[in-house]
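Please open the model in your viewer and display the backbone as a cartoon, with side chains available on selection. The tour proceeds by short selections.

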Amino acid sequence: MGPLEGVRVVEFAGLGPGPFCGMLLADLGADVVRIDRLGARGGLLGSLGATSLLDRGKRSIALDLKDPADVEVVRALVRRSDVLLEGFRPGVMERLGLGPDELMGENPALVYGRMTGWGQTGPLASSAGHDIDYIALTGALGATGRPDERPAPPLNLLGDFGGGGVFLALGALAALIRARTTGEGQVVDAAIVDGTAVLTTMIHGMLDAGVWTDRRGRNLLDTGAPFYDVYRCADDRFLAVGALEEQFYAALLDGLGLAGEESLPDRNDPRQWPALRERFTETFASRTRAEWWQVFEGTDACVAPVWSLLEATTDRHNAERGVFVEVDGVVQPDVAPRFSATPGRVGSVPEAGQHSDEIRAELGL
């Protein structure tokens with residue numbers, strides 16, 4: 001049933017990072033009850049015509065939070081739960097009478113998880129925003145992309161899910177450990193700006209050490225180095241190259257047929273990187289992606305094909321490892337991380353309100 005079997009979570013319906021956090025906990029065995037708005041179809045994403053896989057493994061109860069009777073149902077749920085997850089703007093839960101003071105007064109061990117973009121405090125706390133805005137403010141977006149092009153947003157993975165949902169899950173579980181030890185819950189203020197900033201810690205260390213320039217596309221890990229970049233093949237498809245260490249770089253040159261070429265520009269001299277990139281560009285363009293993958297697969301050259309999302313689901317390594325699974329006819333990522341004794345499980349996506357009667361019965365209502 002997963003390592004979080006027995007952990008009970010109440011999640012208020014939302015978009016992106018909050019539901020993603022709830023999905024992570026449900027994948028690992030927590031009983032996650034999602035509170036959907038009465039009359040909603042398939043959660044909030046249902047209004048966009050999409051089925052949200054972020055709801056997988058959860059149960060759903062549909063409530064009207066403006067109805068005092070339904071607010072009492074929420075209170076009953078929270079009294080028997082370990083963790084609460086909400087992603088409203090600051091002050092909304094308080095206006096509903098469901099703020100930390102009220103609910104933790106009834107359940108002192110409650111972990112009250114709050115997911116926002118800007119955080120509960122600060123001059124932007126009450127402002128609207130999305131992933132692209134949060135990663136822009138932290139410098140992460142400005143560091144991503146080619147030097148002569150606009151910054152390239154990495155979908156909404158970096159802010160919403162990396163800096164937001166994952167950090168909320170980490171904070172909730174850390175607070176839960178303390179609550180089970182002391183009987184004292186607490187508020188977890190998980191802001192996407194905070195989490196995204198933490199993700200850039202190594203880069204800040206490199207800036208401080210003087211080995212990183214505060215300009216995108218000029219550095220070792222931002223495609224500035226020709227041996228850490230993406231190259232176009234003869235069929236207009238791409239290969240990713242990450243041959244940082246000397247031994248991996250040697251394997252790269254060997255696969256490209258460039259080993260021992262005396263005229264090859266020195267990779268240790270950044271002034272020669274443009275010439276080295278030009279040489280690599282010409283070489284990779286001489287064969288198709290499939291032909292190069294036959295050369296590099298299984299070697300230490302740190303080369304990989306750039307698959308599309310659908311291509312990735314049929315990759316040989318991903319298939320043999322079971323990175324993707326099919327549940328209810330939908331191919332999707334499997335649970336991560338993996339546990340030797342208590343593996344997690346991908347559950348089904350509930351309809352909004354599907355478990356309302358069941359949950360009310362559990363609460364004696």
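Which residue just after H9 takes a positive phi? In this predicted model, select Gly-257: its phi is about 75°.

Next, step back into helix H9 itself, residues 246-256. Select Tyr-249, Leu-252, Leu-253, Gly-255 and Leu-256, which are the buried residues of this helix. They lie on the same side of H9, because the arc they cover around the axis is only 165°. In general, an α-helix has 3.6 residues a turn, so residues three or four places apart point the same way. Now add Gln-247 and Asp-254, which are exposed on the other side of H9.

Keep the buried residues of H9 selected and show their surroundings. They pack against two helices, H10 (273-284) and H11 (289-296), and against two strands, S8 (238-242) and S9 (303-305).

From S9, move to the loop that leads to helix H12 (309-312), where Val-306 is placed. Val-306 counts as partly exposed because its relative accessibility is 35%. Select Val-230 and Phe-238 together with Val-306: the three make a nonpolar surface patch of about 200 Å².

Finally, turn to the cysteines. How many disulfides does the structure hold? The number is zero. Select Cys-302 and Cys-233: the sulfur of Cys-233 is the closest cysteine sulfur to that of Cys-302, yet the separation is 17 Å, so it is too far for a bond. Cys-302 is partly exposed, at 34% relative accessibility, whereas Cys-21 is buried, at 0%.

Conventions. Residues are numbered from 1 along each chain as its sequence is written. This is a predicted model: local features need pLDDT of at least 70, side-chain atom pairs count only at pLDDT 80 or more; totals for chains, interfaces and linings use all residues. Side-chain values use heavy atoms; hydrogens and water are left out. A disulfide is a pair of cysteine sulfur atoms within 2.5 Å. Buried means under 20% relative accessible area, exposed over 50%, partly exposed in between (1.4 Å probe, protein chains only). Helices (H or I, at least four residues) and strands (E, at least two) are DSSP runs, numbered from the N terminus. The arc is that of the directions from the helix axis to the C-beta atoms. Contact means heavy atoms within 4.5 Å. Patches are made of residues with over 30% relative accessible area and no salt bridge: like charges are joined within 9 Å, nonpolar side chains (Val, Leu, Ile, Met, Phe, Trp, Tyr) within 5 Å. Accessible areas come from the Shrake-Rupley method with a 1.4 Å probe; for residues, only the protein chains shown count as cover. A salt bridge is a side-chain nitrogen of Lys or Arg within 4 Å of a carboxyl oxygen of Asp or Glu.
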